[in-house]
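Reader: I am new to this structure. Please take a close look at one single part, and then lead me outward from there.

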Amino acid sequence: MKYTVGIDPGKCMGESICTAIVPDNFVISGSGKAVVNRRTITKEEYAPHAEAARLCPYHAITIEAQE
Ligand code: SF4
């Protein structure tokens, strides 16, 4: 199983919580918003990404299972 990760730039306020939890895949861009390095993640990577999504105060992170 693989998953697609996204960040809604309209919701992200650059709080850097996600970048602290998954620093290799969430980074703050020049605009001050978080972006995803790799949109497709494996099931082994799911747990920390889900934790970041859960803790994002603005619910900006989405994780969807791929077909
Ligand atoms: S935790 Fe949420 S608001 Fe903060 S940088 Fe990440 S996506 Fe943006």
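Author: **His59 and what lies around its loop**

With 11 C-beta neighbours inside 10 Å, His59 counts as exposed (12 or fewer other C-beta atoms, placed from the backbone, within 10 Å; buried means 20 or more, partly exposed lies in between). This is a predicted model: local features need pLDDT of at least 70, side-chain atom pairs count only at pLDDT 80 or more, and totals for chains, interfaces and linings use all residues. Residues are numbered from 1 along each chain as its sequence is written.

His59 sits in the loop between α2 and β5 (DSSP runs, numbered from the N terminus: helices are H or I with at least four residues, strands E with at least two). His59 is not a glycine, yet its phi is positive, about 50°.

Ser16 is another such case. Its phi is about 70°, and it is not a glycine either. Ser16 lies in the loop between β1 and α1 (17-21). Ser16 is partly exposed, with 14 other C-beta atoms within 10 Å.

Now the sheet. Three strands form an open sheet in the order β4-β1-β5, with antiparallel pairing (at least two DSSP bridges per pair). β4 (40-42) and β5 (61-65) are the edges; each has a single partner strand, so one side of each lacks a neighbour in the sheet. From one strand to the next, the twist averages 35° (axes are lines fitted to C-alpha atoms, for helices over the stretch in contact; angles run from 0 to 180 degrees between N-to-C directions).

Take the pairs in turn. β1 (residues 2-7) meets β4 over three antiparallel bridges. Lys2 has Thr42 of β4 as its bridge partner. Tyr3 has Ile41 in β4. Helix α2 (residues 43-55) packs on this sheet, touching β1, β4 and β5, and its direction makes about 115° with that of β4. β1 and β5 also run antiparallel, joined by five bridges. Here Tyr3 stands opposite Ala65 of β5.

Next, the interior. The largest nonpolar core has 11 residues, including Val5, Ile7, Phe26, Cys56, Ala60 and Ile61 (buried Ala, Val, Leu, Ile, Met, Phe, Trp, Tyr and Cys joined through C-beta atoms within 7 Å). Leaving aside residues up to four places away in sequence, Cys56 touches Ile17, Cys18 and Ile61 (C-beta atoms, placed from the backbone, within 7 Å).

Cys56 also leads to the ligand. Around the ligand stand 13 residues, the closest being Cys12, Glu15, Cys18, Ala34 and Cys56 (C-beta atom, placed from the backbone, within 6 Å).

Key:
Two residues are in contact if their C-beta atoms, placed from the backbone, lie within 7 Å.
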